Amino acid sequence: MMSDLLYSGKAKDLFLTDDENIIVARYKDQATMLNGARKETIKGKGVLNNQISSLIFRKLNAAGVATHFIEKISETEQLNKKVSIIPLEVVLRNVTAGSFSKRFGLEEGIELEEPIVEFYYKNDKLDDPFINDEHVKFLKLANDEDIAYIKAETRRINKLLSDWFHQIGLKLIDFKLEFGFDKDGKIILADEFSPDNCRLWDAQGHHMDKDVFRRGLGELTDVYEVVWEKLQELK
């Protein structure tokens, strides 16, 4: 069923299938930072990210969010609808942390009165620069209607995710999403959702995400395993 490699990324490889509208995503045992400048193989990471992302996407699908996820087919693989990715990283922030804190000289952990949605131009050569709506339109990445939809959908996803993580004692600090156009030209959620592309803190403020790797706070797979175990407690 699986054939040629379509794309090789930092965390996943994508393969074509016999159906031109369906691809296989294979998760890697790899962690990167600084746009791949630092790269390490971490045994078991691919399995955990596939499990976590598959569970989250199944729940999003059930909640009426249009996503590319079809089904998990092996420990490290899932079937996805093929999409044309919009080269935007869509970041939603609930609490100050990471680059947001550095940019504005703020300490981490400040609750935002309203979640903030940010756009970054998805381009490794340019180091994924921070851009605004006008830049998005200038670069012809999306029009006004697309931008409004992406922002609204990101906020809706945030409410769902924040509630689910709250149920299992974790706080969703921020996260990154990617969207794409499906075969009918509809914008749907794509990529993945795992501790690789979000920040999660427990009740004591401990990092339960990729910051463990970025900041040398412990073993990444130990933390991801805890997140996976907690997620299975969701109703």
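These are some questions and answers about how features in this structure earn their labels.

Q: What kind of model is this, and what pLDDT do local features need?
A: It's a predicted model, so local features need pLDDT of at least 70 and side-chain atom pairs count only at pLDDT 80 or more, while totals for chains, interfaces and linings use all residues. Residues are numbered from 1 along each chain as its sequence is written, and side-chain values use heavy atoms, with hydrogens and water left out.

Q: What makes strand 2 and strand 3 a pair?
A: Two strands pair if DSSP finds at least two bridges between them, and here five bridges join strand 2 to strand 3, running antiparallel. Strands, like helices, are DSSP runs numbered from the N terminus (E, at least two residues, for strands; H or I, at least four, for helices). One of the bridge partners is Ile23 in strand 3, set against Leu16. A hairpin through four residues makes the link between the two strands.

Q: How do you know that strand 3 also pairs with strand 7?
A: Again by bridges: strand 3 and strand 7 (residues 77-81) share five, in the antiparallel sense. Val24, for instance, has Leu79 of strand 7 as its bridge partner.

Q: Why is strand 3 called mostly covered?
A: Buried means under 20% relative accessible area, exposed means over 50%, and partly exposed is in between (1.4 Å probe, protein chains only). In strand 3 (residues 22-27), five of the six residues are buried.

Q: Why is the sheet of strands 8, 13 and 14 called open, and which strands are its edges?
A: The three strands run in the order 8-13-14 with antiparallel pairing, forming an open sheet. Strand 8 (84-85) and strand 14 (187-189) each pair on one side only, which makes them the edge strands. Strand 13 (residues 179-181) is joined to strand 14 by three bridges, and Phe179 stands opposite Leu189 of strand 14.

Q: How do you know that helix 4 packs on the sheet?
A: Helix 4 (residues 144-167) touches strand 13 and strand 14, where contact means heavy atoms within 4.5 Å. The direction of helix 4 makes about 135 degrees with that of strand 13. Axes are lines fitted to C-alpha atoms, for helices over the stretch in contact, with angles from 0 to 180 degrees between N-to-C directions.

Q: Why is the contact between Asp124 and Lys10 called a salt bridge?
A: The rule asks for a side-chain nitrogen of Lys or Arg within 4 Å of a carboxyl oxygen of Asp or Glu. The closest N and O atoms of Asp124 and Lys10 are 3.3 Å apart, so the pair passes. Asp124 lies in the loop between strand 10 and strand 11, and Lys10 in the loop between strand 1 and strand 2, so the pair ties together parts 114 residues apart in sequence.

Q: What makes Asp124 and Lys10 buried, partly exposed or exposed?
A: Asp124 has 44% relative accessibility, so that's partly exposed. Lys10 is at 31%, so partly exposed goes for Lys10 too.

Q: Which salt bridges does Lys137 make, and how do you know that they count?
A: With Glu134 the N and O atoms come to 3.7 Å, and with Asp144 the N to O value is 2.9 Å. Both fall within the cut-off, so both are salt bridges. Lys137 and Glu134 are three residues apart in helix 3 (residues 133-138), so about one helical turn separates them.

Q: Why is the pair of Tyr120 and Phe130 called tilted, rather than stacked or edge-to-face?
A: Rings of Phe, Tyr and Trp (its six-membered ring) pair if their centres lie within 6.5 Å; planes under 30 degrees apart are stacked, over 60 edge-to-face, and the rest tilted. Tyr120 and Phe130 have centres 5.4 Å apart and planes at 45 degrees, so tilted it is. Tyr120 is buried at 9% relative accessibility, whereas Phe130 is partly exposed at 45%.

Q: What makes Arg103 sit over the ring of Phe130?
A: A charge sits over a ring if NZ of Lys or CZ of Arg is within 6 Å of the ring centre and within 35 degrees of the ring normal. The charged end of Arg103 is 4.5 Å from the centre of the Phe130 ring. Lys12 lies over the face of Tyr27 at 5.5 Å from the ring centre.
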